Amino acid sequence: MFDIHNLYKAKSVADAIKLLSEHPEARLIAGGTDVLVKLRHFDDKFHHLVDIHDLPELKAVRLEGDTLALGAGLTFTETMNAPEVRKYIPVLGEASSTVAGPQIRNMGTIGGNIANGATSADTAAPMLVLEPEILINGPGGRRNVSIKGFHTGPGQVALEPGEVLGAFAFDLKALKGLGAAYYKYAMRSAMDIATIGCAAGVKMEGDKVADLRLALTVAAPTPIRCPAAEAAGIGQSLTESTMKKILDALETDIKPRTSWRASKEFRTRIIKTLAERMIYAAANRSGEGA
Ligand SMILES: Cc1cc2nc3c(=O)[nH]c(=O)nc-3n(C[C@H](O)[C@H](O)[C@H](O)COP(=O)(O)OP(=O)(O)OC[C@H]3O[C@@H](n4cnc5c(N)ncnc54)[C@H](O)[C@@H]3O)c2cc1C
């Protein structure tokens, strides 16, 4: 049994915001795949819940002009199967398909994955590469923030009390020409969180790297972009010597730690191996869609 004291079912996003302001002790529950585990571990922040599971507003996929907006309430399965994701940002679908197993993918949402703030979140690395604006609804109205800087610490994100993450808005014009790839290294091929996750985005112009975006999970206390590694590659030909410079620079971007899953040294080795592979994979897809 879960120790839930109150469960308030929201009828809309506006209703969820109202319920959160009426019950400031309450927290949102979407798919519940993180919340229920926390309840099991006696996290008393989650005794009072506002349920936003299945709100149609949070399930919308909207393509308007050059902007593709994905509702935060889309499950991993819905994200993987959305034709717009497959066409414009397939890397997000690829990452969603690596999460756990079908049961969790059918319940867990992309909004919950990012709002939960875990450094291991599988959608975090491709999100950091794709750079969506995060659309937030709250008691003070709406605001947009960048995914870059949204993760503020272990398990912490830039959401204020009472706010609901509404959608991720991708600027398809800015992504034109970018190829992207994601790989999750885990101890098991299913039902395991990442030992390291790595996403790369590369845009080639001729034989030069016009844009390079590299993001990692579990390489630091939060999911990260790798500015030093990116700077070492941009404007260069993708030769072995450039790759060596990228991987050397990468050491200043990362802060892996030793845990029961893997040592710091092993993680560092995996990070470099994945970064190299994902950069080449993304470069091969340059021009095909991120
Ligand atoms: C067995 C198992 C295996 C798992 N494997 C993986 C894995 O391989 N990869 C991975 O990345 N994760 C994994 N997870 C973690 C989890 O499934 C994901 O993080 C999932 O995306 C959480 O989404 P949810 O909708 O279930 O969130 P919930 O549990 O409902 O909520 C998570 C947090 O986000 C907040 N929240 C949810 N939606 C919103 C919103 N719209 N606005 C503001 N705050 C919100 C909640 O208040 C809560 O703090 C696993 C979990 C389990 C139980």
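This section looks at the ligand site, at the surroundings of Gly289 and at two cysteines. The model is predicted.

The ligand is a good place to begin. A shell of 32 residues surrounds the ligand, and the closest of these are Leu28, Ala30, Thr33, Asp34 and Thr109. By residue class, the shell divides into 19 nonpolar, nine polar and four charged residues. Asp34, listed among the closest residues, also places a polar side-chain atom 2.5 Å from an oxygen atom of the ligand. Asn113 likewise brings a polar side-chain atom to an oxygen atom of the ligand, here at 3.0 Å. With Ala100 the backbone takes part instead: a backbone N or O atom of this residue lies 3.0 Å from an oxygen atom of the ligand. On its own the ligand has 990 Å² of accessible area, and the protein covers 88% of it.

It is helpful to see where along the chain the shell is drawn from. Four elements each give two or more residues to the shell around the ligand, namely β2 (27-29), α2 (35-40), α7 (110-115) and β10 (164-171). Of the shell around the ligand, the largest share comes from α7, with three residues.

Attention now turns to Gly289. This glycine is found in the segment that comes after α12 (264-285). Leaving aside residues up to four places away in sequence, Gly289 touches Tyr88, Pro90, Leu178, Gly179 and Ala180. The pairing with Ala180 spans a long stretch of chain: the two residues are 109 residues apart in sequence, while a distance of 7.5 Å separates their C-alpha atoms.

The cysteines complete the picture. A disulfide is a covalent bond between the sulfur atoms of two cysteines. A search of the whole structure finds zero disulfides. For Cys198, the nearest cysteine sulfur is that of Cys226, at 7.4 Å, and Cys198 is in no disulfide. Seen from the other side, Cys226 is in no disulfide either, and its nearest cysteine sulfur is that of Cys198, 7.4 Å away. Since a disulfide here calls for sulfur atoms within 2.5 Å, the 7.4 Å between these two sulfur atoms leaves the pair outside that limit. How buried or exposed are Cys198 and Cys226? Cys198 has a relative accessible area of 0% and is therefore buried, the limit for that class being under 20%. Cys226 also has a relative accessible area of 0%, so this residue is buried by that limit too.

Conventions:
Residues numbered from 1 in each chain as written. Predicted model: local features only at pLDDT ≥ 70, side-chain atom pairs only at ≥ 80, totals over all residues. Heavy atoms only, no water. Near = heavy atom within 4 Å. Polar contact = N/O pair within 3.5 Å; in protein donor to acceptor, adjacent residues only side chain to side chain. Areas by Shrake-Rupley, 256 points an atom, 1.4 Å probe, with all protein chains shown as cover. Nonpolar A, V, L, I, M, F, W, Y, C, P; charged D, E, K, R; others polar. Contact = heavy atoms within 4.5 Å. Buried < 20%, exposed > 50% of the residue type's maximum accessible area, 1.4 Å probe, protein only.
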